[in-house]
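The following exercises are to be worked with the sequence and the model side by side. Each task is followed by a solution in steps.

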Amino acid sequence: QQVMSKVSEMIPRLQPFAELVCNQEQEMEYCIGVHQPQKLKHLQILDNEHNVFSTTFGIKGKIDSLVKVEAPIGTEARITALELKTGKNGMAGVGHRAQTLLYSLMVADRQGSSSVEPSLLVYLGEESPKFHGVSVELSHVAAVIMTRNKIAA
């Protein structure tokens, strides 16, 4: 009974994500940090549960979805990671952003790109899920890689 109640509560919250992934050319809003919302256009899902490994950074992961998007609209289409979280954006958000930042690094590394693009993070447990762009800032990358190196040592 408790499981059915939780699932029934989550179904309406999945609608924005379902609209994005099921309707090509669908436009959605996303925000990076505290900046004004921008428009994002979904073009294609390339893979789900995408295994990725970076020898450059010595890390591996499983990206929920690898997607091709135009974000912001009017820019060149790019491939990025889309990470889904079932909970709400709270205290764990820093770890989720770090995880998503590492996915950005791995996607860029795998593509042989020197440009690391923001990835997308969605909290499905929020009342109205939004797409959060996770920017790649040098200081954050350094902190995450140093933490990874401490753990690996």
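**Exercise 1: Helix 3**

Task: Establish which residues of helix 3 are buried, and compare the span of the helix with its expected value.

Solution. Step 1. Helix 3 has as its buried residues (under 20% relative accessible area with a 1.4 Å probe, protein chains only; exposed is over 50%, partly exposed in between) Gly93, His96, Thr100, Leu101, Leu102, Tyr103, Ser104, Leu105, Met106, Val107 and Ala108. Helices (H or I, at least four residues) and strands (E, at least two) are DSSP runs, numbered from the N terminus. The model is a predicted one, in which local features need pLDDT of at least 70 and side-chain atom pairs count only at pLDDT 80 or more, while totals for chains, interfaces and linings use all residues. Residues are numbered from 1 along each chain as its sequence is written, and side-chain values use heavy atoms, with hydrogens and water left out.

Step 2. The expected span of a helix is 1.5 Å times one less than its number of residues. For the 19 residues of helix 3 this gives 27 Å, which agrees with the 27 Å between its end C-alpha atoms.

Step 3. Gly112, just after helix 3, has a positive phi of about 70°.

**Exercise 2: Gln99**

Task: Describe the surroundings of Gln99 in helix 3.

Solution. Step 1. Gln99 belongs to helix 3 and is partly exposed, because its relative accessible area is 24%.

Step 2. When neighbours within four places in sequence are set aside, Gln99 is in contact (heavy atoms within 4.5 Å) with Glu83 and Lys85.

Step 3. Gln99 and Glu83 are 16 residues apart along the chain, and their C-alpha atoms are separated by 8.9 Å.

**Exercise 3: Helix 4**

Task: Determine how the buried residues of helix 4 are arranged and what they pack against.

Solution. Step 1. Helix 4 covers residues 138–152, 15 in number, and its first and last C-alpha atoms are 21 Å apart, close to the 21 Å expected at 1.5 Å a residue.

Step 2. Val141, Val144 and Ile145 are buried in helix 4. The buried residues fall within an arc of 95° seen down the axis of helix 4, so they line one face of the helix; the arc is that of the directions from the helix axis to the C-beta atoms. An α-helix has 3.6 residues a turn, so residues three or four places apart point the same way.

Step 3. The buried residues of helix 4 pack against helix 3 (93–111). Exposed Met146 and Lys150 are on the face of helix 4 turned away from its buried side.

**Exercise 4: The second largest pocket**

Task: Which residues line the second largest pocket, and which elements supply them?

Solution. Step 1. On a 1 Å grid over the protein atoms alone, a pocket is an open set of points where a 1.4 Å probe fits, with protein on both sides within 12 Å along at least five of seven lines; lining residues have an atom within 4 Å of a point. The second largest pocket holds about 150 Å³ of space, where grid points are joined across faces, edges and corners and the volume is the space filled by probe spheres set on the points.

Step 2. Its lining consists of Ile59, Lys60, Leu102, Tyr103, Met106, Val144, Thr147, Arg148 and Ile151. Strand 3 (59–70), helix 3 and helix 4 each supply at least two of the lining residues, and helix 4 gives the largest share, 4 residues.

Step 3. The lining divides into 6 nonpolar, 1 polar and 2 charged residues. Here Ala, Val, Leu, Ile, Met, Phe, Trp, Tyr, Cys and Pro count as nonpolar, Asp, Glu, Lys and Arg as charged, and the others, Gly among them, as polar.

**Exercise 5: Two residues of strand 2**

Task: Is Ser54 buried or exposed, and what phi does Glu49 adopt?

Solution. Step 1. Ser54 lies in strand 2 (residues 38–54) and counts as buried, because its relative accessibility is 0%.

Step 2. Apart from neighbours within four places in sequence, Ser54 is in contact with Ile59, Met106 and Asp109.

Step 3. Glu49 is also found in strand 2. Although Glu49 is not a glycine, its phi is positive, about 50°, and the residue is partly exposed at a relative accessible area of 45%.
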